[in-house]
Each structure stands twice: as C-alpha cells, then as structure tokens.
Amino acid sequence: MTRVMTGLAVLARSGLWFGGALVLLAAVLIGIDVFLRKVFVVSIGGADELAGYALAIGTVWALAATLLDRGHIRIDSLYMLLPTPMRILFDFAGLVLLVGFFALVFWHGMGVFQQSWVSGSRSQSALETPLVIPQAIWLIGLAMFILVGVALFIAALARVVRGNRAGASAMIGTRSSAEEVAEEVRAAERRR
C-alpha cells in the first residue's frame, strides 16, 4: 500500500503543478488582454472564458495534493479535546463525506459531459470551444481526487486495523498546531 500511496502522491503533486500552471497562464493571458485593451483598444477575445476553464480545472487538479497534505479546512475547535478514538472516527467520517460529495459532483458532471458529447455543445463565445474538452480535463482531475481519497481511506483503515492509530491520524487527521509550526520552520530553513 505504501508504493500505491507514493505513486498517488507523485500523481497528485503533478496535478497540483498542472493546475497551478493553468491558473498562472490564465493570469498572464488576462494581463495581456487588459494591456492590449488599454493601450491598443483591442482584445484577445475569450480570455475570460479560458481563465474560467483554467480556474475550474486548476482547482480540481489541486484537490488530491491538498488532501494528502491535510490542507483542507475543517472546523476543529473541539476536535483536540476529544479522545483519540473519537477523533479518528470523525476523521474517517470527514474523509468519507468530502470524497462522497465530490463523487456526487463527478457523477453529475459525467451526465453533463455525456450531454455535451451527444449534442456537440460549444461555448457561446467567439472561441466556440467544444465543451467536452474542458469538461473532460475537469472530470479527470475529479476522478484523480476520488481515487486518492479512496486509497487514503483504505490505507488509514489498514493502519487502524493494525493498531496504529497515530499513523492513521497522521494520514487523515487535522494537523496539530505543533505540526503546523514544524512545517513553517522547515520551510523557513529551506529558504536560507
């Protein structure tokens, strides 16, 4: 299972860089479009459409890496006061609900994709983008997130079954403030 999780972590990190690159390219494109409008009173046309696709795709492609880094925001005011078995139970419930929600989004997204494919839908802009292209890339990112979430659930459950609650918590639990501080210190030391 360790090799599978390592491979998925590499895939998730690659997705994170892909999504970030798309968002960065969208920002550059919008900057160029604004400059051209201001200086030459012309527009690239479709920059806002492409930026919207980039934001949607970039977001879903970053979800898996965020999940593995335990970076999703959760309200944990009482979490640290709970006994360890309850915390682990809530961690599993949170993971199931998060992945389940995006599985539902994926399911409905597949319906939209199929409808776009059958009807040959195109965007209503000057670009007339075939909608199946950004929808397919978006759905692949969602599928990657769901795959990583299911694998993470199985790996954490295996740790609990083996009696390694701390290991399971390190995979799916909320980061403690000590872990957050240690991460910031490591990041500061790398910058030196």
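**Helices, core and salt bridges of the predicted model**

Glu-128 is located in the loop that runs between helix 3 and helix 4, and its phi angle is near 50°, a positive value in a residue other than glycine. With a relative accessible area of 45%, Glu-128 is partly exposed. A positive phi also occurs at Val-41, where the angle is near 55° and the residue is again not glycine. Val-41 belongs to the loop between helix 1 and helix 2, and, at a relative accessible area of 70%, Val-41 is exposed. Most residues other than glycine have a negative phi.

These descriptions, like those that follow, refer to a predicted model. The mean pLDDT of the chain is 92, and 100% of its residues reach 70 or more. Among the elements of the chain, the highest mean pLDDT, 97, is that of helix 4, whereas the lowest, 83, is that of helix 6, which spans residues 177-191.

The interior was examined next. The largest nonpolar core comprises 28 residues, and those with the most contacts inside it are Met-5, Phe-145, Leu-152, Met-171 and Ile-172. At least two residues of this core are supplied by each of helix 1 (2-40), helix 2 (47-68), helix 3 (84-119), helix 4 and helix 5 (165-172). The largest share comes from helix 4, with 9 residues. In soluble globular proteins, nonpolar side chains tend to be buried together. When neighbours within four places in sequence are left aside, Met-5 is in contact with Leu-68, Ala-151, Leu-152, Ala-155 and Met-171; two of these partners, Leu-152 and Met-171, are themselves listed among the core residues with the most contacts.

Two further residues illustrate contacts made from helix 4 and helix 1. Gln-135 has its place in helix 4 and, with a relative accessible area of 18%, is buried, the cut-off for that class being under 20%. Apart from neighbours within four places in sequence, Gln-135 is in contact with Val-112, Phe-113 and Ser-116. Leu-16, by contrast, lies in helix 1 and counts as partly exposed, at 28% relative accessibility. Not counting residues up to four places away in sequence, Leu-16 touches Trp-61, Ala-62 and Ala-65. Leu-16 and Gly-141 are 125 residues apart in sequence, while their C-alpha atoms are 9.9 Å apart in space.

Nonpolar side chains were also found on the surface, where Met-1, Val-4, Val-150 and Ile-154 form a patch with about 340 Å² of accessible area together. Of these residues, Ile-154 is placed in helix 4 (residues 132-161), and Ile-154 is partly exposed, with a relative accessible area of 45%.

Charged side chains were then considered, and a search of the whole structure finds 4 salt bridges. One of them joins the side chains of Asp-69 and Arg-13, with an N to O distance of 3.2 Å. Because Asp-69 lies in the loop between helix 2 and helix 3 while Arg-13 is in helix 1, this pair ties together parts that are 56 residues apart in sequence. Both ends of the bridge are partly exposed, the relative accessible area being 33% for Asp-69 and 34% for Arg-13.

Other salt bridges involve Glu-183. The side chains of Glu-183 and Arg-186 meet with an N to O distance of 2.8 Å, and these two residues, being 3 residues apart in helix 6, are separated by about one helical turn. Glu-183 also forms a salt bridge with Arg-190, in which the closest N and O atoms are 3.8 Å apart. Through such pairings, Glu-183, Arg-186 and Arg-190 are linked in a network of salt bridges. The members of the network vary in accessibility: Glu-183 is partly exposed, with a relative accessible area of 28%, and Arg-186 is likewise partly exposed, at 41%, whereas Arg-190, at 59%, is exposed.

Notes. Residues numbered from 1 in each chain as written. Predicted model: local features only at pLDDT ≥ 70, side-chain atom pairs only at ≥ 80, totals over all residues. Heavy atoms only, no water. Patch = residues over 30% accessible without salt bridge, like charges linked within 9 Å, V, L, I, M, F, W, Y side chains within 5 Å. Areas by Shrake-Rupley, 256 points an atom, 1.4 Å probe, with all protein chains shown as cover. Helix = DSSP H or I, 4+ residues; strand = E, 2+ residues; numbered from the N terminus. Buried < 20%, exposed > 50% of the residue type's maximum accessible area, 1.4 Å probe, protein only. Core = buried A, V, L, I, M, F, W, Y, C linked by side-chain atoms within 4.5 Å. Contact = heavy atoms within 4.5 Å. pLDDT = per-residue confidence, 0-100.
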